[in-house]
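Dear colleague,

I am passing this structure on to you, and I would be grateful if you could look through it before reading my notes. The notes come after it, in the order in which I would go through them.

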Amino acid sequence: MFSVRIENVSRRGMLRGLAATGGLVLAARFLPAGPAIAADPKTGADAMPHGTVNDPRVFVSIAPDGTVSIVCHRAEMGQGVRTGIPLIVAEELEADWSRVKVVQAIGHEERYGNQDTDGSRSTRHFMKPMREVGAAARMMLEAAAAKRWNVDVKGVEAVNHQVVHHATGRKLGYGELAVEAASMPVPAQEKLSFKRPQQFRYIGKGAPIVDGPDIVTGKAQYSIDVRLDGLKYAVIARPPVHGGKLRSFDAAEALKVPGVEKVVEIAGTPPPAKFMPEGGVAVIAANTWAAIKGRDALKIEWDDGANAAHDSAKYHAEMSATAAKPGKTVRNHGNVETALEGAAKKLEAEYYIPHHAHATMEPPSATARFANGKCEVWTGVQSPQAARDDTAKRLGLQPQDVTIHTTLLGGGFGRKSKPDFAIEAAILAKEMPGTPIRVQWTREDDLQHDYYHTVSVERIEAGLDAQGKAVAWRHRSVAPTLFSIFQPDPGHESALEVGMGLVDNPFDVANLRCETGRAEARVRLGWFRSVSNIPHAFAVQCMAAEMAHAAGRDAKDYLLELLGPPRIVDPRKDGVELWNYGDDFAVYPIDTARLRRVVELAAASARWGSPLPQRQGRGIAVHRSFLTYVATVVHAAVDANGEISIPRVDVAVDCGAHVNPDRIRAQMEGACVMGQSIAQKSEITVKDGRIVEGNFDTFELVRMNEAPKEIHVHIVETGFDVPPAGVGEPGVPPFAPALVNALFAATGKRIRQLPIRDQLAG
Amino acid sequence: MVRLKVNGTERSFDGDPAMPLLWYVRDVLGLTGTKYGCGIAQCGSCTVHLDGQAVRSCQTAVGDAEGKSVTTIEGLDPRGEHPLQKAWLAVGVPQCGYCQTGQIMSAAALLKETPKPTDEDIDNAMAGNICRCGTYVRIRAAIKQAAG
């Protein structure tokens with residue numbers, strides 16, 4: 001862990017003062033959507049909308065005092081991207097990190113490249129273009145110094161915020177060179193020179209997050225903290241049933257509430273509505289409290305629509321019935337029927353994971369101001385470009401007439417990729433031109449109008465031969481698809497969803513089939529941190545432990561046997577349309593050597609196999625997601641009342657080349673706790689079409705007293721040659737199966753339905 | 001008219017005395033370091049000190065603060081260098097950071113009462129503060145570091 005230098009605090013204060021007087025020099029102007037230096041076709045970044053941009057003039061500016069401003073175009077939601085991305089630039093720029101200021105980009109992909117901050121993609125897709133940005137800027141500074149001194153550029157070198165002429169010892173600071181550097185041509189991609197990894201001082205070493213001092217003093221600006229002159233506050237009553245709509249409303253009582261100023265109807269968009277708001281009735285007031293009271297006083301009649309009878313328990317039973325029947329084959333090799341029939345031992349298990357809400361600690365909010373045909377929105381979104389485009393579409397504006405200012409996000413987890421709340425604010429702002437309007441979601445709004453994590457029944461049948469070796473594996477997954485928000489419900493998991501832990505199963509089993517069963521979405525779905533990896537990995541990794549037990553083998557040894565010898569597993573050979581997280585399989589294959597390595601590392605660190613007291617046990621799980629390999633060992637204890645505690649967790653993560661190790665550790669730690677909430681506590685259920693859980697009293701999350709006492713994270717040092725992979729999401733999927741496997745080891749009781757709650761009581 | 005002291009400054013408020021202190025400090029006074037998380041005293045994001053005691057400002061009416069002294073995160077330490085704030089940075093606690101001001105306010109009340117807290121003391125004092133990013137292990141470490 002890196003300790004924070006205390007001068008960090010005052011340094012940031014100093015920079016603020018300087019920035020107010022310093023001019024932006026290197027970035028004399030933003031370029032229009034000009035051609036970026038050709039990007040390497042080997043990265044999936046190119047396939048994303050607007051790809052990547054590596055023009056240094058877009059991302060770097062240097063003030064005369066030497067302050068280097070680096071633009072972060074990705075959204076900060078706790079993953080540390082506002083530190084990580086600028087660190088990459090600063091590395092190649094040879095900048096002194098203490099003189100770097102981070103500037104948050106507006107939503108503008110033509111300018112910055114893709115800004116969709118999800119899919120654990122930021123470092124993976126922007127390591128290379130950000131190195132190019134830094135290297136190009138550094139070479140422009142060197143060229144400027146060489147020109148000033150009238151010497152060969154080969155004799156000058158940028159070193160720690162200044163350019164040095166080695167022959168004469170002359171030095172010029174970056175601030176002194178900024179004006180001339182800005183007029184130097186941007187080097188062509190093939191002329192760029194990069195530091196060798198051994199020379200890195202930031203990449204792979206990291207730095208404390210740039211927003212830390214503001215966070216601990218309450219100065220950090222989240223969406224909810226935006227304050228504009230004349231700001232009004234709105235809360236919205238939305239249809240309680242997915243697909244429902246407003247029938248009629250009476251605002252008379254609401255308008256009597258002191259502070260309430262206006263009541264506005266928002267038209268909804270019937271599903272599939274993508275990110276368009278659900279519609280409803282907005283109460284606009286002088287403060288949040290008056291708006292909430294005003295909403296309480298509304299009299300509304302809803303038309304509940306087609307999902308009025310939706311019920312989670314019934315839906316679960318339907319999904320189970322579907323999982324018992326053959327489904328659509330999405331991967332096949334060998335003959336699983338014959339192999340199951342001929343197996344010496346056959347196991348069959350059904351696993352269930354309910355819907356989840358993202359429940360970011362900061363509920364969604366957005367502040368918008370509409371004036372002169374243009375709309376500005378300040379909000380914490382993972383997708384400022386989608387917020388811009390969809391706001392423009394809904395308001396009938398051109399995208400360039402909408403500006404999205406991205407604040408810090410008080411949690412994201414995929415919820416804030418869907419900018420419905422930003423569009424709501426813009427709609428209301430247009431109703432009151434010139435007046436800034438904050439739309440504030442209450443916690444109840446958040447939990448009852450989310451884009452939920454899917455609900456899933458996973459049924460796995462496995463066959464073992466007489467020696468206990470796995471010979472057959474049939475995995476049927478039944479889950480409604482999140483694509484139901486984008487198109488008429490396809491009724492089956494998409495290639496994206498099955499590619500998260502179902503068809504990319506790495507097990508060395510001769511007869512293997514994966515199927516999906518039909519399930520239609522009855523609530524609004526969306527991606528949630530780790531997405532379908534959560535249910536798929538839960539089922540696969542629990543079954544692995546069940547098979548080990550059936551074979552009388554150690555769970556870790558059996559898992560290694562299932563993973564098989566070190567090799568590349570290519571499901572495409574079995575006819576799978578493998579999306580591989582949007583990246584090239586040749587660059588990011590499914591490598592069982594890396595799976596094995598994290599299993600062995602986590603097990604060794606956890607002292608796997610060493611004795612534990614009664615009613616304590618260890619469980620292990622491993623999963624590759626977002627191109628990263630994570631193994632988790634949970635040491636759990638169960639008391640006489642069935643209460644669970646977790647003395648220790650060991651996580652081994654192999655994410656290839658990386659920037660900020662302490663943030664990797666932080667993400668893994670946090671992923672364990674989120675995984676623990678999923679495993680033990682939380683669940684979104686539906687009754688009569690309505691979400692039952694309304695706040696943290698019913699949608700329960702892990703708290704301090706229940707959290708693991710220790711989490712040890714071990715990062716595999718692969719070297720810089722192994723391409724970077726995801727960090728934000730891959731830590732979540734292995735946690736729940738590792739915990740459930742540990743509980744089995746502790747108690748002999750096998751849990752297959754989450755959340756666990758009191759299943760171990762009595 | 002409600003009279004109270006906020007971060008040492010005398011204030012008076014002639015609005016609805018039932019308004020939660022949370023919305024008063026945020027919307028009326030512009031002290032946005034105190035966060036809204038649940039509105040029902042379940043998450044602790046809105047924790048402030050009322051006459052030195054940690055309270056959930058979402059469930060404390062402005063009227064209940066009549067004649068009392070409120071401390072928000074902005075008033076915890078004049079330079080933002082409370083031992084907990086320093087420890088939070090040294091340990092690298094925050095991820096998204098949203099809940100952390102409430103966490104620090106709860107921890108500050110704990111340390112005032114119990115300068116050398118045990119794990120159980122920390123569990124008891126901090127179980128009311130949810131962190132969805134899951135920074136609990138580091139919060140525990142930072143409290144211990146601040147306690148010395």
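What follows is a walk through some of the contacts, sheets and helices.

Please keep in mind throughout that this is a predicted model.

I begin with the place where the two chains meet, in which 47 residues of chain B are in contact with 52 residues of chain A. On the chain B side, α1 (21-28), α2 (73-76), α3 (83-91), α4 (100-113), α5 (119-126) and α6 (136-147) each supply at least two residues, and of these α3(B) gives the most, with 4 residues. Sorted by class, the side of chain B that touches chain A has 26 nonpolar, 16 polar and 5 charged residues.

Within chain A, I would turn next to an open sheet of 5 strands, which has the order β12-β20-β19-β18-β13 and mixed pairing. Its edges are formed by β12 (328-333) and β13 (345-353) of chain A, each of which has a single partner strand, so that one side of each is left without a neighbour in the sheet. Neighbouring strands here are turned against each other by 10 degrees on average, direction ignored.

The strand β20 (residues 511-517) of chain A deserves a look of its own. To β12(A), with which it runs antiparallel, it is joined by 5 bridges, whereas 7 bridges join it to β19(A), and that pair runs parallel. Individual residues can be followed across the sheet: A:Glu515 in β20(A) has A:Thr329 standing opposite, and A:Arg476 stands opposite A:Glu515 as well, while A:Cys514 in β20(A) is the bridge partner of A:Arg331.

Is β20(A) enclosed by the rest of the structure or left open? Of its 7 residues, 7 are buried, so β20(A) is largely enclosed by the rest of the structure. In a regular strand the side chains alternate between the two faces of the sheet. Both faces of β20(A) are covered, with A:Asn511, A:Arg513, A:Glu515 and A:Gly517 buried on one side and A:Leu512, A:Cys514 and A:Thr516 buried on the other. Elsewhere on this sheet, helix α16 (residues 533-550) of chain A lies across β13, β18 (456-464) and β19 (470-478) of chain A, and runs at about 150 degrees to β13(A).

A second open sheet in chain A has 3 strands in the order β4-β5-β6, with antiparallel pairing. The edges are β4 (156-159) and β6 (170-173) of chain A, and since each has a single partner strand, one side of each is left without a neighbour in the sheet. The average turn between neighbouring strands of this sheet is 25 degrees, direction ignored. There are 4 bridges between β4(A) and strand β5 (residues 162-165) of chain A, which run antiparallel, and A:Gln162 in β5(A) is the bridge partner of A:Val159. Helix α5(A) packs on this sheet and touches β4, β5 and β6 of chain A, its direction making about 135 degrees with that of β4(A). Helix α6 (residues 174-183) of chain A also packs on the sheet, where it touches β5 and β6 of chain A, and its direction makes about 75 degrees with that of β6(A).

The helix α5 (residues 122-149) of chain A also packs with helix α3 (residues 81-93) of chain A, at an angle of about 35 degrees and with their axes 6 Å apart; the crossing is right-handed. Among the residues that meet there are A:Gly84, A:Ile85 and A:Ile88 in α3(A) and A:Phe126, A:Met127 and A:Met130 in α5(A). By class, this contact has 12 nonpolar, 4 polar and 4 charged residues.

Finally, please look at helix α12 (residues 384-395) of chain A, whose 12 residues should span 16 Å at 1.5 Å a residue, which agrees with the 16 Å between its end C-alpha atoms. Because 9 of the 12 residues of α12(A) are buried, this helix is largely enclosed by the rest of the structure; the buried residues include A:Pro384, A:Arg388, A:Asp390 and A:Leu395. What covers them includes α4 (109-112), β15 (374-379), β16 (402-406) and α13 (420-431) of chain A. Just after α12(A) comes A:Gly396, which takes a positive phi of about 75 degrees.

With kind regards

Conventions. Residues numbered from 1 in each chain as written. Chains lettered and ligands numbered in written order. Predicted model: local features only at pLDDT ≥ 70, side-chain atom pairs only at ≥ 80, totals over all residues. Contact = placed C-beta atoms within 7 Å. Nonpolar A, V, L, I, M, F, W, Y, C, P; charged D, E, K, R; others polar. Pairing = 2+ DSSP bridges. Axes fitted to C-alpha atoms, helices over the stretch in contact; angles between N-to-C directions. Left-handed = near helix turned anticlockwise from the far one by under 90°. Expected span 1.5 Å × (residues − 1). Buried ≥ 20, exposed ≤ 12 C-beta atoms within 10 Å, placed from the backbone.
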